[in-house]
Amino acid sequence: MSQHLKVADNLVVSMHYTLTLEDGQVVDSSVEGDPLQFLQGFGQIIPGLEKELYGMAIGDNKKVTVAAVDGYGDIDPDAYQVVSRAMFPDDLNLEEGMGLRMRDQGTGQLIETYVAEIRADEVLLDFNHPLAGEILTFDIEISGLRQATDEELAHGHVH
Ligand code: ZN
């Protein structure tokens with residue numbers, strides 16, 4: 001049966017992918033490991049990629065180019081924040097480009113941020129996604145398709 005399936009909503013898709021930026025840098029790839037698995041139609045992958053998958057069958061491959069706005073968004077110039085160097089532990093070796101997890105003072109949620117610049121007494125943090133503003137090219141191949149179980153659909157994720 002599964003070889004007759006084509007990508008549609010409520011199917012579990014297994015997909016190999018390689019993600020390349022405009023400058024040719026490969027930032028992510030599943031090829032050496034397990035394929036990515038997700039429920040089609042649930043917004044579990046970026047929208048610009050998900051909408052290109054409809055109708056693909058197992059073994060089909062495709063190159064998909066996704067504009068920043070359909071990927072991780074444009075860079076938000078307001079998503080930077082200056083904080084005091086003193087709020088970090090003395091033994092933390094801060095470096096530009098390093099990722100940090102901070103607890104949001106308001107919601108208590110953990111959020112990812114990046115050190116954009118280290119100044120004398122201050123640190124500039126960048127709360128943009130590291131791939132914000134990037135045009136993304138995905139080389140993809142559908143490696144598996146199956147109907148999701150009722151439980152998977154109810155939970156909204158693959159088991
Ligand atoms: Zn579940």
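Is Lys62 buried, partly exposed or exposed, going by its relative accessibility? Lys62 counts as partly exposed, because its relative accessibility is 31%. The points below take up the charged pairs and the metal site in turn, and they should be read with the knowledge that this is a predicted model.

1. The pair that includes Lys62. The residue of the opening question forms a salt bridge with Glu52, and the closest N and O atoms of the two lie 3.5 Å apart. This pair links distant parts of the chain, since Glu52 sits in the loop between helix H1 (47–50) and strand E4 (61–66), whereas Lys62 belongs to strand E4 itself, the two residues being 10 residues apart. Glu52, for its part, has a relative accessibility of 28% and therefore counts as partly exposed, as Lys62 does at 31%.

2. The wider set of salt bridges. The pair just described is one of the salt bridges in the structure, which holds six of them. As a general matter, side chains of opposite charge can pair when their charged atoms come close.

3. Glu152 and Arg146. A salt bridge joins Glu152 to Arg146, with 2.9 Å between the closest N and O atoms. The two ends of this pair differ in their surroundings: Glu152 is buried, because its relative accessible area of 2% falls under the 20% cut-off, while Arg146, at 32% relative accessibility, counts as partly exposed.

4. A network around Glu117. Salt bridges that share partners bring Glu117, Arg119 and Glu122 together in one network. Within this group, the side chains of Glu117 and Arg119 meet in a salt bridge at 3.2 Å, taken from N to O. Glu117 counts as partly exposed at 33% relative accessibility, and Arg119 is likewise partly exposed, with a relative accessible area of 33%.

5. The zinc ion. Which protein atoms serve as donors of the zinc ion? They are ND1 of His155, NE2 of His157 and NE2 of His159, and these donors lie 1.9 to 2.3 Å from the ion. Along the chain, the donors of the zinc ion follow the spacing H-x1-H-x1-H. A reader should bear in mind that water is not among the atoms, so the site may look incomplete.

6. Exposure at the zinc site. His157 has a relative accessibility of 36% and so counts as partly exposed. His159 is also partly exposed, its relative accessible area being 47%, a value that does not pass the 50% cut-off over which a residue would be called exposed.

Key:
Residues are numbered from 1 along each chain as its sequence is written. This is a predicted model: local features need pLDDT of at least 70, side-chain atom pairs count only at pLDDT 80 or more; totals for chains, interfaces and linings use all residues. Side-chain values use heavy atoms; hydrogens and water are left out. A salt bridge is a side-chain nitrogen of Lys or Arg within 4 Å of a carboxyl oxygen of Asp or Glu. Helices (H or I, at least four residues) and strands (E, at least two) are DSSP runs, numbered from the N terminus. Buried means under 20% relative accessible area, exposed over 50%, partly exposed in between (1.4 Å probe, protein chains only). Donors are N, O and S atoms within 2.8 Å of the metal (3.2 Å for Na, K and Ca); water is not among the atoms, so sites may look incomplete.
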